[in-house]
Amino acid sequence: MTASDAAVRHGQTTGGFEKTPGWLDWFDGPRTPAFVLPAGAVDAHCHVFGPGAQFPYAPQRKYTPCDASADQLFALRDHLGFARNVIVQATCHGADNRALVDALERAGDRARGVATVRADVGDDELAALHAAGVRGVRFNFVKRLVDTVPTDALSRIVEKVAPWGWHVVIYFEAQDLPDLYDFFSAIPTDVVVDHMGRPDVTKDVDGEEFGLFLRFLRENANVWTKVSCPERLSVTGPRALDGEQYAYTDVVPFARRVVEEFPDRVLWGTDWPHPNLKDHMPDDGLLVDYIPQIATTAELQRKLLVDNPLRLYWPELSREGA
Ligand SMILES: O=C(O)c1cc(C(=O)O)oc(=O)c1
């Protein structure tokens, strides 16, 4: 533990920042999962927040979280049994990737990153991000998280990052997919959708809304998706708390459908430290125990947790890679 981490207590926000009212802090002391992750498993969606005293939150942020440091993330990684992390730039840091880069550098080869950049980003900045382990950029279309960036600016970013072999991570809500469908389909790089495009799980898994998302994956072989965040999508629970082994059963049919139809284009991540949850904060150990509900065989689990993330983020280690 570094001196700066020693100063960061769970749930605290440092640097003179005050947490958004009602903020739920990440779960302290998660269980050891009953599900033993396959060797080499990757937590392919997680964040670091600050610490605010060292890496100030962006002035244009829409929320102020509690701090969640790189060392705290690495402790969780080891506790849950993951080998590696993909750390995704959180919107509370805007396009200031310093906290992300610091975490990547301290993780050594055990983390890769997804950054946020502006359309005027220079090649020197991209080179430095690449050297630190960044392999993708994130475009966010969720209006409560960011101000809208025009799609022509996003297209300029795609042109700049494509030569680096990076992919584009997109975060949007299901009701916005019809409007964004053509823009997304025209992205020439690999594309990774966060949290299954946030389906409304009270609707039918065979219905029109989720049908459009499945069509998007079928029609675009370069599109992958994270089957993450049941704790965000679930309406009925049960919550991943108090030893619950079969959490978020209403989300299971959606995630399972995607894992079974697109086994080579799915990723999974904890989403720790779970920004903006309103209802409850899950026990991350029990969240890992959710995985066998959606990837029901050892082969599907290995693809979801090991083969797919290695192919995208560590191709040099991948059995199918270089
Ligand atoms: O739904 C969210 O609130 C959320 C926010 C962020 C972020 O602020 O970066 O990232 C996520 O993956 C999910």
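**Close-up views of a predicted model**

**Figure 1. The whole chain.** The protein chain holds twelve helices and eight strands. Its radius of gyration is 18 Å, close to the 20 Å that the globule rule gives for 322 residues, so the chain is as compact as a globular protein of that length. This is a predicted model. Along the principal axes, the C-alpha atoms fill a box of roughly 50 × 45 × 40 Å. Of the contacts with a separation of 6 or more, 76% join residues 24 or more positions apart.

**Figure 2. Surface and charge of the protein chain.** About 12900 Å² of the protein chain is exposed. Carbon and sulfur atoms supply 51% of that area. The chain carries 33 positive and 47 negative charges. The mean positions of the two sets are 1 Å apart. Of the 322 residues, 60% count as buried.

**Figure 3. The largest nonpolar core.** This core has 110 residues. The members that touch the most others are Ile170, Phe184, Met196, Phe213, Val227, Val258 and Trp268. Helix α12, residues 298-313, gives the largest share of the core, with seven residues. In soluble globular proteins, nonpolar side chains tend to be buried together.

**Figure 4. The surroundings of Ile170.** Ile170 is one of the core residues that touch the most other members. The view leaves aside its neighbours within four places in sequence. Four phenylalanines are in contact with Ile170: Phe139, Phe141, Phe184 and Phe216. Val191, Val192 and Val193 also touch Ile170, as does Asp194. Phe184, a contact of Ile170, is likewise among the core members with the most partners.

**Figure 5. Helix α2 and its packing.** Helix α2 spans residues 70-80. Its buried residues include Ala70, Leu73, Phe74, Leu76 and Leu80. Gln72 and Arg77 are buried too. The buried residues of α2 pack against two strands, β1 (42-46) and β2 (84-88). They also pack against two helices, α3 (98-107) and α10 (284-288). Gly81 follows α2 and has a positive phi, near 100°.

**Figure 6. Ser69, in the loop between β1 and α2.** Ser69 is found in the loop that links β1 to α2. Is Ser69 buried or exposed? Ser69 has a relative accessible area of 1%. The cut-off for buried is under 20%, so Ser69 counts as buried. Arg138 lies 69 residues from Ser69 along the chain. The C-alpha atoms of Ser69 and Arg138 are separated by 20 Å.

Methods:
Residues numbered from 1 in each chain as written. Predicted model: local features only at pLDDT ≥ 70, side-chain atom pairs only at ≥ 80, totals over all residues. Heavy atoms only, no water. Helix = DSSP H or I, 4+ residues; strand = E, 2+ residues; numbered from the N terminus. Rg over C-alpha atoms; globule rule 2.2 N^0.38 Å. Buried < 20%, exposed > 50% of the residue type's maximum accessible area, 1.4 Å probe, protein only. Contact = heavy atoms within 4.5 Å. Areas by Shrake-Rupley, 256 points an atom, 1.4 Å probe, with all protein chains shown as cover. Lys, Arg positive; Asp, Glu negative; His and termini not counted. Charge placed at Lys NZ, Arg CZ, Asp CG, Glu CD. Core = buried A, V, L, I, M, F, W, Y, C linked by side-chain atoms within 4.5 Å.
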